[in-house]
Structures are given as structure tokens and as C-alpha cells.
Amino acid sequence: MKPILKWLLAITAGVAMVVVILGLFTLGARPTRAWLSDYLAGYYQSEPQYQVQALSMEQEAIRAMEEWATPIENLPHCEFRISGQVTMNNGAPIENAEVKIYNVGMFNSGDYRYTDQNGNFIYSEFGIEICEKENVYVAISKNGFEPFFIVAEPDHVIDVSLSAYSSY
């Protein structure tokens, strides 16, 4: 019998707490509701400060393009170009040396170039986003030679002489 009385007492206390909480909420919510209703009614009854104009879907699309997008032909197109030659200390060209270009900017991706039989390489990018690019990080390497690292700016010519690893 005691467990049943405990459950009844717990249920009664729970219901009483819910009634008290809802009563307090009602007492606080009614004045707030009346104040908000008066405030919003006054807000929406005043004169609008702008005029609404109905546009067709085509007019809306044109307006959106004019506001948010610049046509590609009106944007500047820039070129970022670096070139150079990779040689040994004695002046002989190094063929197939790896020239890794790490882009500095939004995407830190890299691109590879390899030197030709004369040790020459060329890297260029062309586009709209290139105009803000100030420099790239360049790593030049070849098996058997010490690597070379440099930060290159646009139109930079890199002439590098790589040193062969010394065997102690």
C-alpha cells in the first residue's frame, strides 16, 4: 500500500507544479502579448518608407544580375608567369628537374612542371582570380641534387644552379 501512496503523492506534486508553472506563465504572457500587439500594430500602421514595385520574372533576373554579378567580359584578366633555367654548377642544363609551384592564396594546391633538355621551364596562369595573386612558392628538385626553394613574383625569371649531393 505504501508504494501506491508514494506514486499518488508524486503524481499530485507533479500536477501541482505544472499548474503553478502554467499559471505564472499566463500571468507574464498576457501583458507581454498585449504590449507586443500594440507595438506591432503601430509599427505596421505607419506609412512605408519605400515603394514596392511588382516585377516580372525576367525583370527580376536582369535586376539581380545587375546588382550582384559583373559580366565576365568586364572583369580584368591577368597572367601570372614565371620561367627559368635549371643548370648544374658547371653550367650544364639539368633535364627533367621537377619544378613544383605552390599557389599562395585561397587554394594552396600545387602544380608541376619539368625542365626540357635545355633545363628550361615555363609556368603561367591566366584568369580573373590571378589578378590578386602576388607570389607563388617554388621548389626545384632533381634526384642527386640539393633542392632549391624561392618565392617568385609575376614575370620572375629564375636561373638556378643546383649543387650535386656530396658523398662523404
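Reader: Which residues touch the most other members of the largest nonpolar core?

Author: Let's start right there, bearing in mind that this is a predicted model. The largest nonpolar core has 18 residues, and Ile82, Val138 and Ile140 are the ones that touch the most other members.

Reader: And which strands supply at least two residues of this core?

Author: There are five names to look for: E1 (78–88), E2, E4, E5 (136–141) and E7 (156–162) each supply at least two residues.

Reader: Let me step back for a moment. What does the secondary structure of the protein come to?

Author: You should find two helices and seven strands. Walk along the sequence and the pattern reads α-α-β-β-β-β-β-β-β. The protein has 168 residues, and 17% of them count as buried. Its accessible surface comes to about 13,600 Å², with 59% of that belonging to carbon and sulfur atoms.

Reader: What share of the contacts with a separation of 6 or more comes from residues 24 or more positions apart?

Author: In this protein, such residues account for 54% of those contacts.

Reader: Now the sheet. In what order do the four strands of the open sheet come?

Author: The general idea comes before the case: strands of a sheet pair through backbone hydrogen bonds, either parallel or antiparallel. Here the order is E3-E2-E5-E6, and the pairing is antiparallel. E3 (110–114) and E6 (148–152) stand at the edges with a single partner strand each, so one side of each has no neighbour in the sheet. From one strand to the next, the twist averages 20°.

Reader: How many bridges join E2 to E3?

Author: Five bridges link E2, residues 98–103, to E3, and the two run antiparallel. To find your place in this pair, look for Tyr102, which stands opposite Gly110 in E3.

Reader: Over how many bridges do E2 and E5 pair?

Author: That pair has six bridges, again in the antiparallel sense. Your landmark this time is Lys100, standing opposite Ala139 in E5.

Reader: That leaves E5 and E6. How many residues lie between them in the hairpin?

Author: Six residues sit between the two strands of that hairpin, and Gly144 in the turn has a positive phi of about 90°. E5 and E6 pair over five bridges, in the antiparallel sense. Ile140 stands opposite Phe148 in E6. You've met Ile140 already, as one of the residues that touch the most other members of the core. Leaving out residues up to four places away in sequence, Ile140 touches Val86, Glu98, Val99, Pro147, Phe148, Ile158, Val160 and Leu162.

Reader: Which residues other than glycine have a positive phi?

Author: Try Asn96 and Asp155. Asn96 has a phi near 60°, and the phi of Asp155 is also near 60°. Asn96 is found in the loop between E1 and E2, while Asp155 is in the loop between E6 and E7.

Reader: Is Asp155 buried or exposed?

Author: To read this, compare the relative accessible area with the cut-offs: under 20% is buried, over 50% is exposed, and partly exposed is in between. Asp155 has 60%, so it is exposed. Asn96, at 45%, counts as partly exposed.

Reader: What about Thr115, buried or exposed?

Author: Thr115 has a relative accessible area of 3%, so it is buried. You'll find Thr115 in the loop between E3 and E4 (120–127).

Reader: What does the side chain of Thr115 reach?

Author: Two backbone atoms. One is the backbone oxygen of Ile94, at 2.7 Å. The other is the backbone nitrogen of Asn96, at 3.0 Å. Setting aside residues up to four places away in sequence, Thr115 touches several residues, among them Val86, Ala97, Val99 and Phe121.

Reader: One last residue. Where is the place of Glu125, and is Glu125 buried or exposed?

Author: Glu125 is in strand E4. Its relative accessibility is 16%, so Glu125 counts as buried. The Glu125 side chain makes a polar contact with the side chain of Tyr123 at 2.5 Å. Not counting neighbours within four places in sequence, Glu125 is in contact with Cys78, Glu79, Phe80, Asn103, Ile130 and Lys133.

How values were computed
Residues numbered from 1 in each chain as written. Predicted model: local features only at pLDDT ≥ 70, side-chain atom pairs only at ≥ 80, totals over all residues. Heavy atoms only, no water. Pairing = 2+ DSSP bridges. Axes fitted to C-alpha atoms, helices over the stretch in contact; angles between N-to-C directions. Buried < 20%, exposed > 50% of the residue type's maximum accessible area, 1.4 Å probe, protein only. Polar contact = N/O pair within 3.5 Å; in protein donor to acceptor, adjacent residues only side chain to side chain. Contact = heavy atoms within 4.5 Å. Core = buried A, V, L, I, M, F, W, Y, C linked by side-chain atoms within 4.5 Å. Areas by Shrake-Rupley, 256 points an atom, 1.4 Å probe, with all protein chains shown as cover.
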